[in-house]
Amino acid sequence: MGSATPLFRFEDRYARDLKGLYEPWRAARVPAPELLILNTRLAAELGLDAEALASREGVALLVGNAVAEDSTPIAMAYAGHQFGGYSPRLGDGRALLLGELLDPRGRRFDVHLKGSGRTPFARGGDGKAAVGPMLREYLISEAMHALAIPTTRSLAVVATGETIARDTPLPGAVLVRVAASHLRVGSFEYAAAHTAEAAEKGDRDLLRRLADHAIARHYPGAAGASQPYLAFFERVVAAQAALVARWMHVGFVHGVMNTDNTTISGETIDYGPCAFMDRHDPATVFSSIDHGGRYAYGNQPRVLQWNLARLAEALLPLIDADEERAVALATAALQRFGERYLAAWRRGMCAKLGLATDAIDATETALAEANALDTSPFVDGVPALLEAQQVDHTLFFRRLSDAVRGDAAPVRSLFGDPNVFDAWAPAWSAGLPTSADERQVVAEAMDRVNPLYIPRNHQVEYALTAATDGDLKPLHALLDVITRPFDERPELEAYTQPAPADSAPYRTFCGT
């Protein structure tokens, strides 16, 4: 199984608990592994020795050439609805779970390879990954973490020394990903679909074992509920509603919201065709294969609810033996997604706008009197305002704090017609305190939730192109910027700017 090493002390609870939901496998050996980037901060949080990880022995582990003594590498099985169509057998086609480790606080995390070669779940591809897409996931996941959005994280990217065939030959790489777990809605779809097949082999409990494993790992409080599997579902609904609200707050477009990319933990996973929008537009799509806009920015909440409906379907046999009653219970829980999402979104928007939650009603009255917009709720109307004026999503919220401090020019200049801002601003300002000292406190609070720096698409592409050609300096410079997204630094003005107006529409690709 390769050389033994103390660098990782893995557990294999998934492998022990969930036989039937994985295949034991080994990473394809790579000829010349070279560490491109190591997340030393994450390593420290996990209680790992970053210097040892960067050694020859450590890199061999990170790329899969060596296996820790207590590691049981497996390719995880799952199904999934992809762009609405069901695929009964997906799984880790180019990835491996090395094992789970406990951090110094006792929290459990998966350590997972991506781009480590074909597995039994591979569907025609080579199982490899290129430097650019793997560094992209590193960049965006670390940006999301800095924005306080639940996310998988990246521990390292290791070049393999191989050339892989895509549209053009590209240098190969393996990503080392860390997650609270890799359990997905698709995991439950697979278990539910294969329960009958497993029963023929004497395993009548596959779905229940998976649900019990997920409850123990993520929502232990559900175990004591009178209906634990319904309580589990309700908690996943709440976690995902909160997650997608956070995406919407920062203008993040996931791009491939299939059920196999919807986690049970409530973390963001799979940073393939994702990006942050510049101008606010609910129709924003970046994925090269999302021709119908299914996963457009504005569709993300309803898609998440649709994905959770698939989870509900899988859980029905556990929720209640009476199918009609199980459907009624699951439907009631699922229908609460909308109110949960809206509540999370509104709370976040109030913070971004500098408004106390209890100021919304008064602001609605002021809005009606000013006749700046229609009589719809003030906070709910902000996205339509930004869309109509093609305002940069990130800069609008960040520059509002300048207006709170008394200088409206920066945010006003973002509007195609500044008079529209002038008409909107009095209603907004009516919800703010009147004294200069109190306004300063509000402005500082706004700056703590409204980032100035996001991974602007043109900056990301510049960094990844340079890295693919062997120059990692732009990548490290961009990482320094986006992992401190709230701290304004005058010398970094270029990183705040959207792509030039005459740029071609931005498109992203899954990397396979």
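Let us start with L308, which is placed in helix 9, the helix of residues 300-319. I should say at once that we are looking at a predicted model. L308 has a relative accessible area of 0%, and is therefore buried. What does L308 touch, if we set aside residues up to four places away in sequence? The residues in contact with L308 are F233, V236, V237, Q240, L334 and F337. A further position to relate to L308 is I264: the two are 44 residues apart in sequence, and their C-alpha atoms lie 9.8 Å apart in space.

Helix 9 also holds Q300. Is Q300 buried or exposed? With a relative accessibility of 0%, Q300 counts as buried. Leaving out neighbours within four places in sequence, Q300 has contacts with V244, W247, M248, F252, V253, H254, M257 and Y295. For a distance across the model, take Q300 and R123: they are 177 residues apart along the chain, and 27 Å separates their C-alpha atoms.

I turn now to the helices that follow, beginning with helix 10 and helix 12. Helix 10 covers residues 323-353, and packs against helix 12 at an angle of about 75°, the axes being 10 Å apart. Angles of 65 to 115 degrees count as roughly perpendicular, so helix 10 is roughly perpendicular to helix 12. Which residues meet here? On the side of helix 10 they are W345, R346, M349, C350 and L353, and on the side of helix 12 they are F378, V379, D380, V382 and P383. Sorted by class, this contact of helix 10 with helix 12 has 8 nonpolar residues, no polar ones and 2 charged ones.

Helix 12, residues 378-389, has a further partner in helix 15, residues 418-429. How are these two helices arranged? They pack at an angle of about 165°, with 12 Å between their axes. That angle makes helix 12 roughly antiparallel to helix 15. The crossing of helix 12 past helix 15 is left-handed. Helix 12 contributes F378, V382, L385 and Q389 to the contact, while helix 15 contributes V420, W424, A427 and W428. The residues of this contact of helix 12 with helix 15 comprise 7 nonpolar, 1 polar and no charged. Please note F378 and V382, which belong to the contact with helix 15 and also to the contact with helix 10.

Helix 15 is also crossed by helix 13, residues 393-404. The axes of helix 13 and helix 15 come within 13 Å, and the crossing angle is roughly 70°. Helix 13 and helix 15 are therefore roughly perpendicular to each other. The crossing of helix 13 and helix 15 is right-handed. From helix 13 the contact takes F396, L400, A403 and V404, and from helix 15 it takes F421, W424 and W428. By class, the contact of helix 13 with helix 15 is made up of 7 nonpolar residues, with no polar and no charged ones. W424 and W428 of helix 15 thus appear in the contact with helix 13, and they appear in the contact with helix 12 as well.

We may now leave the helices for the strands. Strand 9, residues 153-165, is mostly covered, with 10 of its 13 residues buried. Which strands pair with strand 9? Strand 2, residues 34-38, pairs with strand 9 in the antiparallel sense over 4 bridges. Within strand 9, A159 is the residue opposite E34. Strand 10, residues 169-179, also runs antiparallel to strand 9, and 9 bridges join them. One pair of bridge partners is A156 and V176, the latter in strand 10. Strand 9 and strand 10 form a hairpin, with 3 residues between them. As a general reminder, side chains in a regular strand alternate between the two faces of the sheet.

Finally, two loop positions deserve attention for their backbone angles. A148 is placed in the loop between helix 5, residues 131-146, and strand 9. The phi of A148 is near 65°, a positive value in a residue other than glycine. F83 lies in the loop between strand 4, residues 80-82, and strand 5, residues 85-87. Its phi is near 55°, again positive in a residue other than glycine. How accessible is F83? F83 counts as partly exposed, at 28% relative accessibility.

Notes. Residues are numbered from 1 along each chain as its sequence is written. This is a predicted model: local features need pLDDT of at least 70, side-chain atom pairs count only at pLDDT 80 or more; totals for chains, interfaces and linings use all residues. Side-chain values use heavy atoms; hydrogens and water are left out. Axes are lines fitted to C-alpha atoms, for helices over the stretch in contact, and angles run from 0 to 180 degrees between N-to-C directions. Angles under 35 degrees count as roughly parallel, over 145 as roughly antiparallel, 65 to 115 as roughly perpendicular and the rest as oblique. A crossing is left-handed if the near helix is turned anticlockwise from the far one by less than a right angle, and right-handed if clockwise. Contact means heavy atoms within 4.5 Å. Ala, Val, Leu, Ile, Met, Phe, Trp, Tyr, Cys and Pro count as nonpolar, Asp, Glu, Lys and Arg as charged, and the others, Gly among them, as polar. Buried means under 20% relative accessible area, exposed over 50%, partly exposed in between (1.4 Å probe, protein chains only). Two strands pair if DSSP finds at least two bridges between them.
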